[in-house]
Every structure is written in C-alpha cells, then in structure tokens.
Amino acid sequence: MKILIENNLVKEGDNIFLKNALPSYALFEDGNPTFQATITGKLGQSNAVRWNKDGEEYSVSALAGKIFKVLHPEHQDPGGVNGNWHWVNSDGKPLWEVAEEYLSQNI
C-alpha cells in the first residue's frame, strides 16, 4: 500500500473491492459492503483502508483474511493472505498489479 499511496496510484476516498481470486465460498456481490473498502490515505500497518461494513480501519491483508474467515462455512482462519492480490481498484485491476506496473515503469 505504501507504493500505491505515496505515488497517488490510490487516493484517500477511493473505493476498492474484494473480488480477485477469491476462495470458492466467497462469492463477490456487487453493492454488498462486505466486499468494499475505502482508502484512508494513511500509511500505517493497520489502517490503510476502512471497511464499508463496520467502519473500522484495517490493512488490506488483515481485512481480506477477516472476510474470508467470516464467510468460510466453518469460520476457518485462511492463514497468510496477501490482500493486495485480492483487492481491486475501480478499474478492476488488483492492487498488486497496479504497484508492479508502476515499479516496472519507474525503476
């Protein structure tokens, strides 16, 4: 997230969506706040996004993991989750890809 925020690839107030490479039990629903978060513009480890469902701040990875656990039929912890791969911007591009493209063009 640091690369994304520092280089204005995402900005405070931007909406992101949990919809890329989801587990089979997590079916994206357009308009469902469970799958939406808002960029806070903060660079801390645990407050990069605000979950639209509860208004609390999380890192993208912690929030993806929390959602996967909540949606799992047995509420199993998914283990390590890279939220930058699962969250996409408004263009539908995973945050990981946005950062990678920026780095490949600017290093």
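Strands β1 and β5 (residues 87-88) pair in the antiparallel sense over 2 bridges, two strands being taken as paired if DSSP finds at least two bridges between them; helices (H or I, at least four residues) and strands (E, at least two) are DSSP runs numbered from the N terminus. The model is predicted, so that local features need pLDDT of at least 70 and side-chain atom pairs count only at pLDDT 80 or more, whereas totals for chains, interfaces and linings use all residues. Residues are numbered from 1 along each chain as its sequence is written, and side-chain values use heavy atoms, with hydrogens and water left out.

Within the pairing of β1 with β5, leucine 18 stands opposite tryptophan 87. β1 also runs antiparallel to β2, to which 3 bridges join it, and here isoleucine 16 faces alanine 37 of β2.

The largest nonpolar core (buried Ala, Val, Leu, Ile, Met, Phe, Trp, Tyr and Cys residues joined through side-chain atoms within 4.5 Å; buried means under 20% relative accessible area, exposed over 50%, partly exposed in between, with a 1.4 Å probe and protein chains only) holds 23 residues, of which Ile16, Leu18, Val49, Leu63, Trp87 and Leu95 touch the most other members. Elements giving two or more residues to this core include α1 (2-6), β1 (15-18) and α4 (95-106), while the largest share, 5 residues, comes from α2. Beyond its neighbours within four places in sequence, valine 49 is in contact (heavy atoms within 4.5 Å) with residues including Ile16, Ala37 and Leu63.

Asparagine 8, in the loop between α1 and β1, has a positive phi of about 55° although it is not a glycine. Alanine 21, in the loop between β1 and β2, likewise has a positive phi, near 50°, and counts as partly exposed because its relative accessibility is 47%.
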